[in-house]
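Please open the model in your viewer and keep the selection tool at hand, since this tour moves from the whole chain to a few chosen places. Each stop says what to select and then what is to be found there.

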Amino acid sequence: NRYFVLDFETGILQYFVNEQSKNQKPRGTLSLAGAIISPSDEVPHMLVVYSANGEIFKLRAADAKEKQYWITQLRSCAKHHKEGNSKSVSSSRSRSSSLLPPGTANSASPSGQKYMNQSGPTVVTITHHKSPAAARRAKSQRSGQLHEVREMMSQVEGQQKNLVQAIEALPSSGPLSALDQDLLLLKATSAATLSCLGECLTLLQQSMHQVGQHHNRTLSSEGILGWPGPKSHSTEQLKNGALSSLSSASANITWAIVPSATQDEQTLQPNTEHSASELILVEDEMTDTEDNEEEDLGVMEDQRSVILHLISQLKLGMDLTRVVLPTFILEKRSLLEMYANFMAHPDLFLSIAAGATPEERIICFVEYYLTAFHEGRKGAVAKKPYNPIIGETFHCSWDVPKDKVKPVRTNGASALSKDPAKEFGQEQSTCYKLRFVAEQVSHHPPVSCFYCECKEKKMCVNAHVWTKSKFMGMSIGVSMVGEGVLHLLEHEEEYVFTLPSAYARSILTIPWVELGGKVNINCARTGYSATVTFHTKPFYGGKVHRVTAEVKHNPTNTIVCKAQGEWNGTLEFTYSNGETKVIDTNKLPVIRKKIRPIAKQGPLESRHLWQYVTNSLKEGNIDAATEHKHHLEERQRAEERQRMALTMPWKPKYFAKE
């Protein structure tokens, strides 16, 4: 129950937690000028208020009589203020009205105040499709043009809901069952169509709002996805603009190992309190022979019915973290190993530290960043890596030939950075050693951390990622919440970067992956920053996998490098001096990672942990793979219950929570 006040004079509907708090600031307000008020059959005695700026209140009255009374009063107020806006009606016409049904005592209700739902356990549902402050900010509203469309959409949503209920009411077996393929397809596509139409309506409302406001301020970014990590400008927002931002508390979880410059002589790798037997011996590592390629097969007929059944149970915008997905859509590696595959061009990564100037170093970082994704995302078909088990780790390393590590654009002597080992006449090996460790540090929410270092080059990268997935009708969106920090200890520079969102499209036919959203790379010390935008394919026409980037020197506001192309194809770089360079990601040499054989891995290392699932998938035995996967997940749940019973929080092995 919430306490509502309709102020007829200002045309504002406000609500408070209860009657006692009505003199405080309202919890939410809605301007009724040009609003649509319509009854809804979603639940008994429900009405919906659609404001002119796209915000929605869903309200439930105590009974049919009260519902009708509120609808009448709200419509009367909306009409009055719509006319008032268009004709500039003088203030003498404004009036105050009590929102009490005739015959009700009106002792403490000066401005038409009434506690809705005093009888029975009914609930007022308030759904903000934008922030509560949006209504207060949108002072000048262009209203009227989309009212009929909104009412029609509301009716269609009701009809679609009835359709879904009718299908679900059918028996689960027989000639016409609730699991009939055509009916499941109808259910899924009707939901996706409505989602798409809702999206179009939101965009129309935004552009009309923009037209009305362009002369005094630019359109606010409320319509853009509210992820605190990469801001996606994809037009396919997760649900009709209704994705709520993460609370600041959950958004600011940081997992990090921060090395200090004094650690040069020791290893930077976080081997904190571990006995010698637990150390990962590099000598045991062998060149990886696993092929990352996934078979580019479409969805088989029997698999499609499983996916349809799954889709029919999902709601738009639903968090998929706790949804158990069918085993056949899994690719044969853990998410932790996928992060390691982003380092498939370690020569480009190590070249960052070889840059002679801050400008060169950030450009090298952007070049490495743009080429990192195609190798980590092998195969055209969208498959999902295994969800890592809490405590799972993945270790590997790369041997990078020293002659391959050089700054890409510097010529002449400045390119030769001094090698301290050479100066003291020490024996030189021909390769740099780059070491990698990843760990799953949290299960709910699913947070992975990874750390990579090259001791000789005095550089390391440390990142934490929360994979937050959402169901979007015919596709699935995964936002990578979190950030990474690249430390160049020799230059005392830190580069903070974020990651793009990923989308699995066309999940009913041949699913494919695209990246989307804007990511940032910043170095506070040098004043250089870069923005990289992964463009999602427009609904009609347009290219797939397009990416653009620019590197900027903030103190002078100078753009020093621009890039464009496809993240899994050709990339063209243009520098401030007019030079250009083309990188074809498919022709870049891949340096294979080195990994210890499964027999020498610990029980919680990715390949050891998932070996039976992987082998079953390779043999095409989906049932056995599902059984092994279920066994691992059940073990994790049992351990989690045990920890909760003992109130023992999980303590990661390699990473410390800041």
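Begin with the whole protein in cartoon view, where 13 helices and 26 strands can be picked out; bear in mind throughout that this is a predicted model. Colouring by burial gives a second overview, in which 49% of the 658 residues count as buried. If you display the accessible surface, it comes to about 31900 Å², with 54% of that area belonging to carbon and sulfur atoms. Contacts can be viewed in the same general way: of those between residues at least 6 apart in sequence, 64% join residues at least 24 apart.

Next, select F349, W398 and F436, which have the most contacts inside the largest nonpolar core, a set of 66 residues. Add helix α9, residues 358-376, to the selection, for this helix gives the most to that core, contributing ten residues. Another core lies apart from it and has 18 residues, including L13, I71, L74 and A78.

Now centre the view on F436 alone. Which residues is F436 in contact with, once its neighbours within four places in sequence are left aside? Show L336, Y339, A340 and M343, then F394, H395, C396 and W398, and finally F450, Y451 and C452, and the list of its contacts is complete.

For the next stop, select strand β4, residues 36-40. Four of the five residues of β4 are buried, and the strand is therefore largely enclosed by the rest of the structure. Extend the selection to strand β5, residues 46-50, which runs antiparallel to β4 and is joined to it by five bridges. Within this pair, I36 stands opposite Y50 of β5. The two strands form a hairpin with five residues between them, and H45, which sits in the turn, has a positive phi of about 60°.

Widening the view once more, add β6 to see an open sheet of three strands, in the order β4-β5-β6 and with antiparallel pairing. The edges are taken by β4 and β6 (56-60), each of which has a single partner strand, so that one side of each is left without a neighbour in the sheet. From one strand to the next, the twist averages 20°.

Finish by selecting helix α3, residues 147-168, together with the hairpin. Helix α3 lies across β4 and β5, and its direction makes an angle of about 15° with β4.

Methods. Residues are numbered from 1 along each chain as its sequence is written. This is a predicted model: local features need pLDDT of at least 70, side-chain atom pairs count only at pLDDT 80 or more; totals for chains, interfaces and linings use all residues. Side-chain values use heavy atoms; hydrogens and water are left out. A nonpolar core is a set of buried Ala, Val, Leu, Ile, Met, Phe, Trp, Tyr and Cys residues joined through side-chain atoms within 4.5 Å. Buried means under 20% relative accessible area, exposed over 50%, partly exposed in between (1.4 Å probe, protein chains only). Contact means heavy atoms within 4.5 Å. Accessible areas come from the Shrake-Rupley method with a 1.4 Å probe; for residues, only the protein chains shown count as cover. Two strands pair if DSSP finds at least two bridges between them. Axes are lines fitted to C-alpha atoms, for helices over the stretch in contact, and angles run from 0 to 180 degrees between N-to-C directions.
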